[in-house]
Structure formats: structure tokens, C-alpha cells
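Work through the exercises below with the sequence and the structure at hand. Each task is followed by a solution in steps.

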Amino acid sequence: MAHVAGFRDWNTFVACAPGAASGDEVGSQGVIPVLRMFDRVLAREFYCAFLGFEWQWEHQFAPDLPVYAQVAREGRVLHLSEHHGDATPGAKVMITTSGIRDLQAHLVDKAYRNARPGLEGNDWGLTMTVTDPFGNTVVFWERA
């Protein structure tokens, strides 16, 4: 993606991305997880319509080639890739958040046919776990 954006490598892209010094999504997050997907329509339904991420951009070298995309929610960025070598299905990412009880209630109210996430209390806070259609696990975590 760095080359597509006109940079020589990923490190240069992250360092020079617009707003990186001001603490926007790319600069302040530091690490961007890449999750494997197999169907961009299904991914968009799950991550955007259900979880409330914004589909920020996607790239494809040709219409019949895999898609690489970025989604973001409350400043948290994930990359989704249909490319075989980019990631392995079954990854797990943890996203820090606030207002997790409201988020969980909102998601349950949507009556999404494939996920009705619950809350789990731990010594370190509350977590809500959802599994995407491709076997990846996304854990939302609110500190105690």
C-alpha cells in the first residue's frame, strides 16, 4: 500500500502520512492489524453495517484481483485483505474502547443474524467478543 500511496516503503508511509505528526489514526495507533477476508461485500456488511466501522478506502490492481481495504472506528484502524499471503484467517485483535455497555446493547438491538455479542467482566475490565464471517475474532475492551 505504501507504493500505491507514492512512498518507497511502509515505514516512510507511516511517518509521512498526512496528519501522522498530529496524532490522527495512522500516526497515533502505531500498529495496524491486517485481517484476512474472502468477500468484500460480506466484510463491509459485518464491519460497517454491523460494527459501525467506516470503509475508508480500498485498493485493487485490476477488477478480477483481490481487494485490500481500510476500515476505522473511533480512531481505531484495521486493514482487511483478500490477498492470500497477507494474513491467516483466525486472527484475534483487541480494540480499546469506552462505553462498551452501550455498544453491546446497540449491537444486540441490530439483531444481526450471525452475532449477538455478550459482555464478560474481568479484573482488567469488560470485554465483548465478536467473530467475523472469516473466522477472525475482534475483542472490544474497556479498562476497569
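The model is predicted. In it, 4 strands form an open sheet with mixed pairing, in the order 1-4-3-2.

**Exercise 1. Find the edge strands of this sheet and describe how its strands are set.**

Step 1. Strand 1 and strand 2 (54–59) are the edge strands, since each of them pairs on one side only.

Step 2. From one strand to the next, the twist averages 25 degrees.

Step 3. Strand 2 pairs with strand 3 over 5 bridges, in the antiparallel sense. To place this pairing on the sequence, take W55: its bridge partner in strand 3 is V71.

Step 4. Helix 3 packs on the sheet and touches strand 1, strand 2 and strand 4. The direction of helix 3 makes about 155 degrees with that of strand 2.

**Exercise 2. Classify V34 as buried, partly exposed or exposed, and list what V34 touches.**

Step 1. Locate the residue: V34 lies in strand 1, which covers residues 34–36.

Step 2. Apply the cut-offs: buried is under 20% relative accessible area and exposed is over 50%. The relative accessibility of V34 is 26%, so V34 counts as partly exposed.

Step 3. Leaving out residues up to four places away in sequence, V34 touches Y68, H79, S81, D86 and A87.

Step 4. Take A87 from that list. V34 and A87 are 53 residues apart along the chain, yet their C-alpha atoms are separated by 6.4 Å.

**Exercise 3. Describe helix 3 from its start to the residue just after it, including what covers its buried residues.**

Step 1. At the start of helix 3, a side-chain oxygen of D39 comes to within 2.8 Å of the backbone nitrogen of V41.

Step 2. Within the helix, A43, F46, Y47, C48 and F50 are buried.

Step 3. The cover over these buried residues includes strand 1, strand 2, strand 4, helix 4, strand 7 and strand 8.

Step 4. Just after helix 3, G52 has a positive phi of about 85 degrees.

**Exercise 4. Which residues of helix 4 are buried, and which are exposed on the other side?**

Step 1. In helix 4 (residues 100–109), the buried residues include I100, L103, Q104 and L107.

Step 2. These residues cover an arc of only 95 degrees around the axis, which puts them on the same side of helix 4. The spacing follows a general rule: an α-helix has 3.6 residues a turn, so residues three or four places apart point the same way.

Step 3. On the other side of helix 4, R101, D102 and D109 are exposed.

Step 4. Among the elements covering the buried residues of helix 4 are helix 3 (40–50), strand 3 (68–73), strand 6 (119–122), strand 7 (125–131) and strand 8 (137–143).

Step 5. A111, just after helix 4, takes a positive phi of about 55 degrees.

**Exercise 5. How many residues does the hairpin between strand 6 and strand 7 pass through?**

Step 1. Strand 6 and strand 7 run antiparallel and are joined by 4 bridges.

Step 2. One bridge pair is E120 with T127, the latter in strand 7.

Step 3. The hairpin joins the two strands through 2 residues.

**Exercise 6. Place P89 and list what P89 touches.**

Step 1. P89 sits in the loop between strand 4 (76–81) and strand 5 (92–96).

Step 2. With a relative accessible area of 37%, P89 is partly exposed.

Step 3. Not counting residues up to four places away in sequence, P89 touches R36, F38, F134 and N136.

Step 4. P89 and G135 are 46 residues apart in sequence, and 5.7 Å apart from C-alpha to C-alpha.

Definitions and conventions:
Residues numbered from 1 in each chain as written. Predicted model: local features only at pLDDT ≥ 70, side-chain atom pairs only at ≥ 80, totals over all residues. Heavy atoms only, no water. Buried < 20%, exposed > 50% of the residue type's maximum accessible area, 1.4 Å probe, protein only. Contact = heavy atoms within 4.5 Å. Arc of directions from axis to C-beta. Pairing = 2+ DSSP bridges. Axes fitted to C-alpha atoms, helices over the stretch in contact; angles between N-to-C directions. Polar contact = N/O pair within 3.5 Å; in protein donor to acceptor, adjacent residues only side chain to side chain.
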